[in-house]
Every structure is written in C-alpha cells, then in structure tokens.
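Please keep the sequence and the model open side by side while reading these comments, and check each point against the atoms as you go.

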Amino acid sequence: MLADFRIEGYRCFRDLKLENLRRINLIAGKNSVGKSAVLEAVSIYEKRSLAGIREMLAARGDYSVEMHYWTSELVAPMFYGSDPDTRFAEYALSSSQRLRVNLGAQVQRQPGRWEIVGETALNRGAYIGPELPVLNFRIDDDDDSLRFIVLDGSVPLPANSKTLARGRKCIYVRTAPRNMDTLCRYLEKIAGTPLEDEVIRILRWVQPDIDRVRTRSVGQTRVIVYDRRGGATSQPLKRLGDGAVKLMSFALSIANCEDGVCLVDEIENGIHHELFDQLWEAIARFAEELNVQVFATTHSKDCIEAFERSYRNPKFDAAFYRLERNGADIGAVRLDHESFFAVVEGTPYEVR
C-alpha cells in the first residue's frame, strides 16, 4: 500500500502531502479544492503510462480518440501555474517511488530528426528515440514542426519492490455510471466465485429478493440482468435505478482490484443515506480480504458520519483528510479518531 503520497505541480496543487495513509482513505473539502485531482494523481502514478493520462483527459471531456492532435491549450491545465504558451512544465508524484512527468516540446529541423527545445530537469539523451511517448503533432510552423511530449522519469525501486515498480492494478469509479460492457466483463471475471455472492449481497440492499445476476446479449450490446426468487422474469439491472447501478459498479470494481488501488469519486452519489453504514462495512471487508487500498471523495455529511461510526470497529483501517485552501496553496489536514469524532459531534470545524 501507499504509506504517503506527495503531489507537486499537478493541476491545482503546488505541493500537497497526504501522510500516514491507511487501507481506506476518505477525502473531503469544498468544491473546486482538488478532491478529484487527488484521485487522478494516484491513478496516473499507479498506471505509469501515457494511456493513463489519455484516460484521465477523456473522462474530463478534454480528449477523444477522434482527435488527431493534442494542443498545448489542452494539456497545459494538467500543470500547476502553467499557461498554453509555456514550453516546459512538470509535475511529480511520489511515494516509495518518484514519478516525474514533463510536458515538453520538440522541434523537427531535419526530416525524421527531432530535438528537444528549451530546458528540462531530466537527462535529454535518455529520451530521444522511437520509444519516446508522444502526445501527438500540434502544428507545422514554417520549416519547423513542433510536437509536445510526455517524459517518464521514474526512479527504479530496489529489486525487492518489483510490483510497485511496474505499477499496480488501479480502477477508477467516477461519478458517471461505468460503461455497461465494462461491468459485464467485471462480472464475468468473478462469476461462480465467493466474490459474486458478495456482490449479490450488496445488491440486496436495494432489492432484497434478488437471487442471481448475470450478463446477457441484447443485439450488439451486453447488459446485466437480475433474477428474483420465485422464478420471475429476468430484469435489466438499470430497472433498479441509478443507485443500484452505482452500487454494482463499485462492488464489481473493488472485486476486480485485488492487490491494487480502487478510486471512488463522490462515493455517496446515487446511494441512499441509510445505506452508508453498510457501505463502509462492505468496503472494509472487500479491502481487507483482497488487499485493496481505497481512496474516496465525498461531499456528504451523512457519509462522513457513517465513516466515523465505522472507526469504532478496530478492523476499520482508515484515515480522513480535509483539503483546505490557503491563498494559492492547498493543503491536507489529517484528522485522527479523536479530532474526527469532535467534528461530527458538533465542534465548529467545517468538514466540507
């Protein structure tokens, strides 16, 4: 698991430190203070790939596979204090391994020969070659062509830390419903295992007489359907509403994330407040049994209060962070059990 995590120069963070992380980590704060950006940073750190950056930009609506190029205007907001005219900017994500990603520029002065322009903190020579991860061509400016690149400057871990060195499994549960085809794939991977029984048990929170769930093809698409006890006709999962789909999405995501990291944005979204205690109990059970580290964000005081009640269970290995803005900087306040209890008991200490 990540024990500590530091974000330097990414989006709204000049330098943010999350210290003494636990198996379950809940992050709260006002709107636009960077809660989702924390999850993005962890996702990029764990996935260690340009595809991970593409996925993050696509989820924000900034990028699609139909695009033939990425402009500096599109990429620059990833970097703290950057503007579209900046030639070089960088961010660094660090834990037991440091991951540094640069936005740079190259110029083609001769056909097939690209040179890095401007100054960079990394060793240039190590990154010139066909294996260079390229964001894509931007413009042709007279005789010179310019393109933007991402440089991965990871520092290798010791030989006994190979798992983290190549990145762990990381699943991001966003506020928008996950693609149904992805959910079908997740369900099929755990079909016939005790994990499938756990997922069904969670769905019974909203439909107590569910007997089983399965995938079914409808034309060119696949859907998840559920069977009820007594032989009633199978029904699409979506008939149970957005809350059931959100629960299913979360349960299937964490069930497919063994030895990895599960990120959940606005975990309360679509879930009735009376289910929050059960939700945290299920998260704790999944996370412990599957060795999953969970990062979640929330706006809900009900969700936070249920989180505090779960603290009373000694097996609930969790930490709570509140992001605070101080001028141009954003910091993270970690509340231990005693101070957290004071928050939800009414001490004038803002949780949102």
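The points below go through the nonpolar cores, one helix and the cysteines of this predicted model.

1. The largest nonpolar core has 58 residues, and among these I224 and W280 are the ones that touch the most other members. As general background, nonpolar side chains in soluble globular proteins tend to be buried together.

2. If the neighbours within four places in sequence are set aside, the contacts of I224 include M180, L183, C184 and L187, and also V213, L237, M248 and L252. The list is not purely one of core-type residues, since R214, T215, Q235 and P236 are also in contact with I224. Apart from this core lies another one, of 35 residues, which includes I7, A37, V42 and F79.

3. Helix α9 covers residues 301–310, and its buried residues are C303, I304, A306, F307, E308 and S310. At the N-terminal end of α9, S300 acts as a cap, with a side-chain oxygen 3.3 Å from the backbone nitrogen of D302.

4. How many disulfides does a search of the whole structure find? The search finds zero, and two cysteines show the reasoning, for which the cut-off is a pair of cysteine sulfur atoms within 2.5 Å. The closest cysteine sulfur to that of C170 belongs to C257 and is 6.5 Å away, which is too far for a bond; C170 itself counts as buried, because its relative accessibility is 11%.

5. For C262 the closest cysteine sulfur is again in C257, at 5.2 Å, so this pair too is too far apart for a bond. C262 is buried as well, with a relative accessible area of 0%.

Notes: Residues are numbered from 1 along each chain as its sequence is written. This is a predicted model: local features need pLDDT of at least 70, side-chain atom pairs count only at pLDDT 80 or more; totals for chains, interfaces and linings use all residues. Side-chain values use heavy atoms; hydrogens and water are left out. A nonpolar core is a set of buried Ala, Val, Leu, Ile, Met, Phe, Trp, Tyr and Cys residues joined through side-chain atoms within 4.5 Å. Buried means under 20% relative accessible area, exposed over 50%, partly exposed in between (1.4 Å probe, protein chains only). Contact means heavy atoms within 4.5 Å. Helices (H or I, at least four residues) and strands (E, at least two) are DSSP runs, numbered from the N terminus. A polar contact is a pair of N or O atoms within 3.5 Å; within protein, one must be able to donate a hydrogen and the other to accept it, and residues adjacent in sequence count only if both atoms are side-chain atoms.
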